[in-house]
Number of protein chains: 2
Amino acid sequence: MHDDLARSLGRLSQLALDFARLDEETPVRPILDPDGGAERLALALPEQGLDIDTVLDKLAQLLHATPSTSGRRFFNQLFAGRDPAATVADMLASLANNSMYTYKVAGPMVLVENLLVKEMGALAGFDDPEGVFTPGGSLSNLAALLCARNGAVPMARETGVDGRPLRVYSSAEAHYSIRKGLGMLGMGRDNLVSIACDTEGQMSPTALDAAIAADKAAGLTPVMINATAGTTVQGAFDPIDAIADVAEKHGVWLHVDGAFGGTLLLSERQRPKLAGLSRADSFTWDAHKMMGVPLICSVILVRQRGLLTRLLNESASYLFQGDTDLHNPGTRSLQCGRRNDVLKLWAAWQYHGRAGYAARVEHQLALANALADRVEAADDFTLTRRPASLNVCFVLNDKPADIICTQLNERGLAMVGHGTVDGQMIIRAAVVNPNLEEADLDELLRSIREVGDTL
Amino acid sequence: MHDDLARSLGRLSQLALDFARLDEETPVRPILDPDGGAERLALALPEQGLDIDTVLDKLAQLLHATPSTSGRRFFNQLFAGRDPAATVADMLASLANNSMYTYKVAGPMVLVENLLVKEMGALAGFDDPEGVFTPGGSLSNLAALLCARNGAVPMARETGVDGRPLRVYSSAEAHYSIRKGLGMLGMGRDNLVSIACDTEGQMSPTALDAAIAADKAAGLTPVMINATAGTTVQGAFDPIDAIADVAEKHGVWLHVDGAFGGTLLLSERQRPKLAGLSRADSFTWDAHKMMGVPLICSVILVRQRGLLTRLLNESASYLFQGDTDLHNPGTRSLQCGRRNDVLKLWAAWQYHGRAGYAARVEHQLALANALADRVEAADDFTLTRRPASLNVCFVLNDKPADIICTQLNERGLAMVGHGTVDGQMIIRAAVVNPNLEEADLDELLRSIREVGDTL
């Protein structure tokens, strides 16, 4: 082995342990001013190379100046924490460096992907699903939109979109990737119909039905309904079963974006929140969110096997030189070369088991509810509504949520984001890290009050 | 720190060293039969979780059964080798787990991305480029196609593609992602015009000019020319400067797909192969190929700053809560959540320096030429043509290239792919791993003869 490779791999454990320990000592790192930050960290790309130890030292210095997403003060995003099995598996995937397009170069890693597709599809209630891992929920949703579009305009792949308005229905609380996807796929963002939500942040099936009926009457072509399982800000679950009735009535593709909430399928108790999912045509599920594996790990599942391959396969004799399409995932992917994003999920699933994951999800939900309870019980806080998943939305009465979040970060107290619910700006604390304890929730509220007192 | 995390990170160095050593002992692993392979490797997802050491042991077992892409017998793809700095950096990126959409959660990693965009853009000759890393060359090319499409149909993002034929020109030797992208973006694969190549596998500017003129005369809308710097099979460089003349004459977007060959920009001696690149509108460059960093590391660069942001940004107040667009790369990305794919390239650049990379590229080219020399000198081999980059295409006279490649793999001798040049099936050996020695090239040819003798 190359001496420098042996040296760098040999130092890896210590580098990793030192870095992981930092989350305990400095769970919120000082903010680096982006102006001049590159100079202060000496990031410039050199003309002459440095020795391996110097590079590793610089790497450690850079990492130590990077925001922590795994510590006990991170509530900012729909991902958090550090899984012992998934993290090491993902690191080893970088080391092995197999491109996930063919069985020839990825071998059993393809079997791992297919196994996960089958298992996750079964949890969604799809009998014989087709699926592929993509680089994120936005691109999983894009693949779904592509399937729906080409269902409505069968010649779209060969001759293009023909200019007729192709309408997509999604709730006002849905993720922006649906709108973005319409812009990308030639359907036009103006053709996104924003459906009103009820008071719980769930898409209204009645409003949906009316919107589709109106479009049909106007001669427009309904293409896809996007229902969300776990909305970005509130964590709400759209009523999939009632929405599936509307989809069936009008003959429209039903996609469920479970990027965040899909993980609730792992718990028998929580699964009813996605009732009706088995009637959907496609489903997005991100494992890098609630399942706690490192970024990115997203799967697009379609109920009808063969559809993704039909819409995405290209003849490429230099690449696909043997084995069936089933074992060459490049034939159903948006990408050509693909990183191995499945090993980490496989390892995490071995470590937790399905039952362990169910308990973990319950524990995460209990933490979110514990935070909601504290907010509800306090006079100076107002809970926006009871959490349906891990998002806890609330305000510190009469204090601006955005300034509180900024100052929490600037003072090194916590990282939390804000959002808008019913026109009001709210603090959104995502309680995704399963290693949090109730004391961490108290500490978060204490920090918010500390900041609020100065405003 | 969680005990299991300490345990798994503590075992990491040994796991990595053991795995890397395997490439020396078994550079071509036995092929696992996909039928029943999942059972033989006990891949099934358990109901109850396993202890961390058992998971790590299973992980090692799985990795040991996975094809090697870093050993001395891997000539199958346009990536190979294992960089001491980039590999460890990528592993640490998994550990740090920052999503690359905002400065708030990725901090200095955004500065790293911007620095690389600026430096790679400067090498391309772009004065003030905009760019973003994407999950692969196919998606970088898709972003370019999106820019070109919306330049030709400015309202495409809002109202959709209107049905008029939007024509794209690409050589018969170009990568399939261009065709695939047309299918995705609503432009239709039928609107890809395949331009003939000359005898060196380079797109003919004369044929290109004629094709665009004919389309214009027929009332069709020319949208984009795709020139390739380093074609997939032959490694040919299209004559960018002459193609830029055609693009300018007709007012058509010029994209250069340098996924493979972009790396030649790092060497002053090789840079002329991409002469004219500074006149292009967009450029794809994959660092996970010739620059040897782990998958995936691809950048899309556009000459006109602001364009990607204009076409890809979505208002998302829950996410973009401060800092400028420049420091929130999610505003110009195809993705929402994004893995950190830049740390590895930054680390590799620190380790090699620009000058070291130039020498490395020269060395890789010298290895490819050394293989070509051997083939040319041998009576029983025929070289297809002198390599322009690292692809060496040849035949063992009167023996079928596909069967030879299959048997090389089955017998554990080498992994090599085949392709088609001028209607003839050829062996394509990609000499990408810079750690190869001339003896490895002799061994490859010896193995091919050994297999050929039995056919």
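Strand E6(B) is covered on both faces. On one side sit B:Trp253, B:His255 and B:Asp257, all buried. On the other sit B:Leu254, B:Val256 and B:Gly258, also buried. The strand spans residues 253–258 of chain B, and six of its six residues are buried. These assignments belong to a predicted model.

E6(B) pairs with strand E5 of chain B, residues 221–228. The two strands run parallel and are joined by five bridges. One bridge partner can be named: B:Thr228 is matched with B:Asp257 in E6(B). B:Asp257 also belongs to the face shared with B:Trp253 and B:His255.

**Aromatic pairs**

Over all chains, the structure holds eight aromatic pairs. The table lists two of them.

| Pair | Distance between ring centres | Angle between planes | Class |
|---|---|---|---|
| A:Phe283 and A:Trp285 | 6.1 Å | 50° | tilted |
| B:Phe74 and B:Phe79 | 5.9 Å | 45° | tilted |

Why is the pair of A:Phe283 and A:Trp285 tilted? Its planes meet at 50°, and tilted pairs are those that are neither under 30 degrees, as stacked pairs are, nor over 60, as edge-to-face pairs are. The 45° of B:Phe74 and B:Phe79 likewise makes that pair tilted. Burial is the next point. A:Phe283 and A:Trp285 are both buried. B:Phe74 and B:Phe79 are both buried as well.

**Cysteines**

How many disulfides does a search of the whole structure find? Zero, over all chains. B:Cys197 is in no disulfide, and its nearest cysteine sulfur, that of B:Cys393, lies 13 Å away. A disulfide needs the two sulfur atoms within 2.5 Å. For B:Cys393, the closest cysteine sulfur is in B:Cys405, 11 Å away, and that is too far for a bond.

Is B:Cys393 buried or exposed? B:Cys393 counts as buried, because its relative accessibility is 5%. B:Cys197 is partly exposed, with a relative accessible area of 25%.

**Chain A: domains and a kinked helix**

Chain A is divided into domain 1 (3–68) and domain 2 (91–347). Their centres, taken over C-alpha atoms, are 36 Å apart.

Helix H13 of chain A covers residues 343–377. It has 35 residues, and a straight helix at 1.5 Å a residue would reach 51 Å. The end C-alpha atoms of H13(A) are only 43 Å apart. Where is the kink in H13(A) centred? The kink is centred on A:Gly353 and measures about 80°. H13(A) is also mostly covered, with 25 of its 35 residues buried.

Key:
Residues numbered from 1 in each chain as written. Chains lettered and ligands numbered in written order. Predicted model: local features only at pLDDT ≥ 70, side-chain atom pairs only at ≥ 80, totals over all residues. Heavy atoms only, no water. Domains from an automatic or database assignment. Helix = DSSP H or I, 4+ residues; strand = E, 2+ residues; numbered from the N terminus. Expected span 1.5 Å × (residues − 1). Bend = angle between axes of the 7 residues up to and from the residue. Buried < 20%, exposed > 50% of the residue type's maximum accessible area, 1.4 Å probe, protein only. Phe/Tyr/Trp six-rings, centres within 6.5 Å; stacked < 30°, edge-to-face > 60°. Pairing = 2+ DSSP bridges.
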